[in-house]
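Student: I'd like to practise reading local features off a model. Could you walk me through a few?

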Amino acid sequence: MPDLPHQLILLRHAKSDWDSGARSDFDRPLNDRGRRDAPRMGRWLADNGYAPDGVVASPALRAKQTVELACAEMGFEAAQIIYEGGLYHATDAEVEMVADAHLTDYRRVLLVGHNPSLEYALRDYCPDAAPFADGKLMPTCAAAVIEFADGGARLRTQMRPSML
């Protein structure tokens with residue numbers, strides 16, 4: 001049987017609440033729009049055959065809330081989410097190291113993190129990735145599905161909540 005391709009789904013955290021009174025950037029929660037968008041993206045991923053078998057996320061509150069809301073829609077148990085502290089304030093190279101490490105254990109990995117590192121990682125993997133109509137490549141709660149096969153990477157699709 002031929003080796004199946006691996007997929008990496010980059011998902012930027014949903015919209016956060018800048019006026020929440022959080023003690024730090026790390027503790028900033030999602031706002032109302034973010035709490036609506038994260039489950040919508042989880043449903044879209046599940047409905048389009050992109051439910052992951054491995055999930056890794058930044059432990060920052062807004063990323064944690066995003067991944068838990070999205071995973072609930074995909075039937076992925078919150079207890080199985082792997083939180084990687086290095087994804088908070090990560091460089092693109094650090095995002096790629098985390099992704100590569102988990103792609104050895106899983107066929108389809110959902111990685112939830114932050115910009116600008118997700119945007120830079122997407123460009124590293126897929127230099128031809130085009131921004132959305134507003135010029136943004138990875139706006140809040142956007143997903144990019146990258147497929148790895150035959151020694152290369154290609155962007156299968158991109159989605160953002162406003163397109164659903």
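Tutor: We'll go through a helix, some backbone oddities, one strand residue and a pocket.

Student: What should I keep in mind before starting?

Tutor: This is a predicted model, so local features need pLDDT of at least 70 and side-chain atom pairs count only at pLDDT 80 or more, while totals for chains, interfaces and linings use all residues. Residues are numbered from 1 along each chain as its sequence is written, and side-chain values use heavy atoms, with hydrogens and water left out.

Student: Which residues of helix 2 are buried?

Tutor: Terms to begin with: helices (H or I, at least four residues) and strands (E, at least two) are DSSP runs numbered from the N terminus. Buried means under 20% relative accessible area, exposed over 50%, and partly exposed in between, with a 1.4 Å probe and protein chains only. In helix 2 the buried ones are Arg62, Ala63, Thr66, Val67, Ala70, Cys71 and Met74. Looking down the axis of helix 2, these buried residues fall within an arc of 150 degrees, so they line one face; the arc is taken from the directions from the helix axis to the C-beta atoms.

Student: What covers the buried residues of helix 2?

Tutor: The cover includes strand 1 (6-12), helix 1, strand 2 (54-57), strand 3 (82-83) and strand 4 (108-113). Just after helix 2, Gly75 has a positive phi of about 75 degrees.

Student: How do I read backbone oddities?

Tutor: Most residues other than glycine have a negative phi, and most peptide bonds are trans. Here His89, not a glycine, has a positive phi of about 65 degrees, and so does Cys141, also at about 65 degrees. His89 sits in the loop between strand 3 and helix 3 (92-103), and Cys141 in the loop between helix 4 and strand 5. As for peptide bonds, Asn115 and Pro116 are joined by a cis one, with omega about 5 degrees.

Student: Are His89 and Cys141 buried or exposed?

Tutor: His89 counts as exposed because its relative accessibility is 63%, whereas Cys141 is buried at 1%.

Student: What does Phe148 touch outside its sequence neighbours?

Tutor: Contact means heavy atoms within 4.5 Å. Leaving aside neighbours within four places in sequence, Phe148, in strand 5 (residues 143-149), contacts Pro5, His6, Leu8, Leu103, Tyr125 and Ala153. Phe148 and Leu103 are 45 residues apart in sequence, with their C-alpha atoms 9.8 Å apart.

Student: And which residues line the largest pocket?

Tutor: On a 1 Å grid over the protein atoms alone, a pocket is an open set of points where a 1.4 Å probe fits, with protein on both sides within 12 Å along at least five of seven lines; lining residues have an atom within 4 Å of a point. Arg12, Lys15, Arg33, Asp37, Arg40, Lys136, Pro139, Thr140, Arg160, Pro161 and Ser162 form the lining. Helix 1 (residues 32-47) gives the most to that lining, with three residues.
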